[in-house]
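User: Hi! Could you walk me through this one? I'd like to get a feel for it before I set anything up.

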Amino acid sequence: MAIMRVNPTRMELSRLKKRLQVARRGHKLLKDKLDELMKKFLDLVRKNKELRETVEEMLMQVHQNFLIARAVMSSEGLEAALMLPKQSISLEVTTKNIMSVDVPVLDYKTSNHDESSIYPYGFATTSGELDGAISALSKALPYMLELAQTEKSAQLLAQEIEKTRRRVNALEYVMIPQLSETIKYITMKLDENERGNLTRLMKVKDMMIEQARKAAAQG
Amino acid sequence: MYKIGVIGDKDSILGFKAIGMSVFPVTTSNEAEEILDKLAREEYAVIYITEQFAKDIVSTIDKYSDDRFPAIIPIPGNQGSLGIGMMGVKKNVERAVGADILFRDE
């Protein structure tokens, strides 16, 4: 790992030591965050998988019913029957915070609460299969919305996990080794300077003693 | 107040209208792309799109995957499931964990 280009001074040393400390703490925190995110994500994604299986199965059932309805009725009749919906959904979106990721929470209200009044057509000209399809679809609605919520949350968490892991790795394999190497380099350099200084002083002292002795011998 | 949109071929999505969603029948993937972009700018929190169209406009769908809204969810159309939705779940797992740990045993 390359060392940073810094001046080997005490000032720089203490600055780098502080940075190393911060980096270590940040690394620990991010690693904890990553672990917790991963735990939450795995729960969520398992739920997501189950929900998707349920919803896909339910929708296939709906499509089957529709296919039969379409076979029994004329396509104009079917379209006319469904043209003006009685039911309307209003969606309320709030957010929930999972480990600093804002995930959506979907809350829905339907305008008709009565199970039997969701059909937007009279029963005279339509087939029973259509009723079955609509009823199955309205039963699938809560699951579909939950799927949307879970899948989006999983998507957002996956993104956050990716980002956090990149940061953790950058700290662990680049920043922290680089800082420790540089600190080591500065410490060595300072020690070397210290030793150089000491030898110089000893040399000067020897020279001075020599001079003093010469002066005493002459005088 | 947010709305729910459904994009797909007419036969697959007609029923969704009856339960109060806004349906947008399309015939080509270009059309689907345009409508998706339009809905994403409007007040749609959830957009369901049939897999038959979702498979052709993956890049447009991915564009919105990092935003909070809208949630774009592939659903099977009346030709059956193509497994696109499950692929999405799998992709998420791979992105987060680095390996597929959820579907491995299947």
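Analyst: Happy to; we can go chain by chain, then turn to the contact and a few residues.

User: Great. What kind of model is this?

Analyst: This is a predicted model.

User: Okay. Which elements does chain A have, and in what order?

Analyst: Chain A has 3 helices and 2 strands. Going along the sequence, they come as α-α-β-β-α.

User: What is the radius of gyration of chain A, next to that of a compact globule of 219 residues?

Analyst: Chain A comes out at 37 Å, while a compact globule of 219 residues would be near 17 Å. The box around its C-alpha atoms tells a matching story in three dimensions: roughly 140 × 25 × 25 Å along the principal axes of chain A.

User: And how much of chain A is buried?

Analyst: In chain A, 25% of the 219 residues count as buried. As for contacts in chain A with a separation of 6 or more, 84% of them come from residues 24 or more positions apart.

User: Now chain B. How many helices and strands there?

Analyst: Chain B has 5 helices and 4 strands. Starting at the N terminus, the order is β-α-β-α-β-α-α-β-α. With 106 residues, chain B has a radius of gyration of 14 Å, close to the 13 Å from the globule rule, so chain B is as compact as a globular protein of that length.

User: Same follow-ups for chain B, please: box, burial, contacts?

Analyst: The C-alpha trace of chain B spans about 40 × 30 × 25 Å along its principal axes. Of its 106 residues, 46% count as buried. Among the contacts in chain B between residues at least 6 apart in sequence, 57% join residues at least 24 apart.

User: Let's move to the interface. How many residues does each chain put into the contact?

Analyst: Chain A gives 44 residues and chain B gives 32 residues. On the chain B side, the elements that give two or more residues are β1 (3–8), α1 (10–18), β3 (44–50), β4 (71–75) and α5 (84–97) of chain B. Of these, α5(B) gives the most, with 7 residues. Sorted by class, the side of chain B that touches chain A has 19 nonpolar, 8 polar and 5 charged residues.

User: What does α5(B) pack against, and at what angle?

Analyst: α5(B) packs with helix α1 (residues 10–72) of chain A, at an angle of about 175° and with the axes 10 Å apart. An angle over 145 degrees counts as roughly antiparallel, so that is how α1(A) runs relative to α5(B).

User: Which residues meet there?

Analyst: From α1(A) you have A:Phe41, A:Val45, A:Asn48, A:Lys49, A:Arg52 and A:Glu56, and from α5(B) they meet B:Gly85, B:Met86, B:Val89, B:Asn92, B:Val93 and B:Ala96. By class, that contact has 6 nonpolar, 3 polar and 3 charged residues.

User: Switching topic: what's in the largest nonpolar core?

Analyst: That core has 50 residues, and those with the most contacts inside it are A:Ala148, B:Val6, B:Ile7, B:Val46, B:Ile47, B:Ile49 and B:Ile73. Helix α3 (residues 128–218) of chain A provides the largest share, 9 residues. Another core lies apart from it, with 14 residues, among them A:Ala154, A:Ile161, B:Val89 and B:Ala96.

User: Pick B:Val46. What does B:Val46 touch?

Analyst: Leaving out residues up to four places away in sequence, B:Val46 touches A:Leu106, A:Leu145 and A:Ala148 in chain A, plus B:Ile4, B:Pro70, B:Ala71 and B:Ile73 in chain B.

User: I noticed A:Glu151. Where is A:Glu151, and is it buried or exposed?

Analyst: A:Glu151 sits in helix α3 of chain A. A:Glu151 is buried, with 28 other C-beta atoms within 10 Å, where 20 or more is the cut-off for buried. Beyond its neighbours within four places in sequence, A:Glu151 is in contact with A:Asn48, B:Ala71 and B:Ile73. A:Glu151 and A:Val45 are 106 residues apart in sequence, yet 7.6 Å apart from C-alpha to C-alpha.

User: Last one: which residues should I look at for backbone torsions?

Analyst: A:Met99 has a positive phi of about 50° although it is not a glycine, and A:Ser100, also not a glycine, has a positive phi of about 65°. A:Met99 is in the loop between β1 (89–98) and β2 (101–110) of chain A, and A:Ser100 is in the loop between β1 and β2 of chain A.

User: How exposed are they?

Analyst: A:Met99 is partly exposed, with 18 other C-beta atoms within 10 Å. A:Ser100 is exposed, with 9 other C-beta atoms within 10 Å.

Notes: Residues are numbered from 1 along each chain as its sequence is written. Chains are lettered from A and ligands numbered from 1 in the order in which they are written. This is a predicted model: local features need pLDDT of at least 70, side-chain atom pairs count only at pLDDT 80 or more; totals for chains, interfaces and linings use all residues. The radius of gyration is taken over C-alpha atoms; the globule rule is 2.2 Å times the number of residues to the power 0.38. A residue is buried if 20 or more other C-beta atoms lie within 10 Å of its own, exposed if 12 or fewer, and partly exposed in between; C-beta atoms are placed from the backbone. Two residues are in contact if their C-beta atoms, placed from the backbone, lie within 7 Å. Ala, Val, Leu, Ile, Met, Phe, Trp, Tyr, Cys and Pro count as nonpolar, Asp, Glu, Lys and Arg as charged, and the others, Gly among them, as polar. Axes are lines fitted to C-alpha atoms, for helices over the stretch in contact, and angles run from 0 to 180 degrees between N-to-C directions. Angles under 35 degrees count as roughly parallel, over 145 as roughly antiparallel, 65 to 115 as roughly perpendicular and the rest as oblique. A nonpolar core is a set of buried Ala, Val, Leu, Ile, Met, Phe, Trp, Tyr and Cys residues joined through C-beta atoms within 7 Å.
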